[in-house]
Amino acid sequence: MTGEFERRHGFPPGTNEVRPANRDDQTAARALAQASLISADLVTFYDSIGDVTWVDIGNGYFLDSASDVLVRLQEYGAVDVGAGQKVHGLVIGSNGGGLSYVAGPDGSVHRTRTASLDEPELDKVADDLRQFLELLERSLTRFVADGEPGSL
């Protein structure tokens, strides 16, 4: 399998994993919940999943740990995602190509149009975390089938 991957893509496979949550991740998720910027679904997700690292799917797909999300919130603050800049979300990951995924407090997931988070322009990619995770799964399935990562 490794030889096939390298032949097909020109580089050896990297680490692709869904890491189970540890106590630090769960503690960070509870701290995020206290900030009222995170949906209940995301808290539940972080109670079980530490992070997602799929380096070999296109440029990669990454869902950050709750600890990383919390540190980013403390250092840089929340990201404006709503009309009139009154709704704030959290950067929860990236596509490996410079675009970030931002989760709104209502559970919706948005993707930045550019790499900058200073005044981000966002496109809604999913109504909720479940739909977003299903889109990620489709990207993985498509990549395995034909080498195309999709446009998420």
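**Why the terms apply: contacts, cores, salt bridges, strands and rings**

Q: Which residues does Y46 touch, not counting those up to four places away in sequence?
A: Y46 touches A21, D25, Q26, A29, I38, D64, S65, A66, V69 and I92, with residues up to four places away in sequence left out; contact means heavy atoms within 4.5 Å. The model is predicted, so local features need pLDDT of at least 70 and side-chain atom pairs count only at pLDDT 80 or more, whereas totals for chains, interfaces and linings use all residues. Residues are numbered from 1 along each chain as its sequence is written, and side-chain values use heavy atoms, without hydrogens and water.

Q: What makes Y46 buried or exposed?
A: Buried means under 20% relative accessible area, exposed over 50% and partly exposed in between (1.4 Å probe, protein chains only). Y46 has a relative accessible area of 1%, so Y46 is buried.

Q: Which members of the largest nonpolar core touch the most other members?
A: They are L32, L42, F45, Y46, I92 and F132, in a core of 30 residues. Such a core is a set of buried Ala, Val, Leu, Ile, Met, Phe, Trp, Tyr and Cys residues joined through side-chain atoms within 4.5 Å. Another core, of five residues, lies apart from the largest one and includes V79, V81, V102 and L122.

Q: Why is the contact of R19 and D51 called a salt bridge?
A: The term requires a side-chain nitrogen of Lys or Arg within 4 Å of a carboxyl oxygen of Asp or Glu. The side chains of R19 and D51 meet at 3.1 Å, N to O, and therefore satisfy this rule. R19 belongs to strand β1 (residues 16-20) and D51 to strand β2 (residues 49-54), so the pair ties together parts 32 residues apart in sequence. Helices (H or I, at least four residues) and strands (E, at least two) are DSSP runs, numbered from the N terminus.

Q: How are R19 and D51 classed by accessibility, and why?
A: R19 has 22% relative accessibility and so counts as partly exposed, while D51, at 15%, counts as buried.

Q: What makes E134 and R130 about one helical turn apart?
A: These residues are four apart in helix α5 (residues 129-146), which means a separation of about one helical turn. Their closest N and O atoms are 3.5 Å apart, in a salt bridge. E134 is partly exposed at 33%, and R130 is exposed at 61%. Elsewhere, salt bridges that share partners join R19, D25 and D51 into one network.

Q: How do you know that β5 and strand β6 pair?
A: Pairing requires at least two DSSP bridges between two strands. Four bridges join β5 to strand β6 (residues 100-103), and the strands run antiparallel. S94 stands opposite S100 in β6.

Q: What makes strand β5 mostly covered?
A: Five of the seven residues in strand β5 (residues 88-94) are buried.

Q: Why is the aromatic pair of F45 and Y46 given its name?
A: Rings of Phe, Tyr and Trp (its six-membered ring) pair if their centres lie within 6.5 Å; planes under 30 degrees apart count as stacked, over 60 as edge-to-face and the rest as tilted. F45 and Y46 are 5.4 Å apart, centre to centre, with 65° between the planes, so the pair is edge-to-face.

Q: What class does the pair of Y101 and F132 receive, and why?
A: The ring centres of Y101 and F132 are 4.9 Å apart and the planes stand at 65°, so this pair is edge-to-face. Y101 lies in strand β6 and F132 in helix α5, so the pair ties together parts 31 residues apart in sequence.
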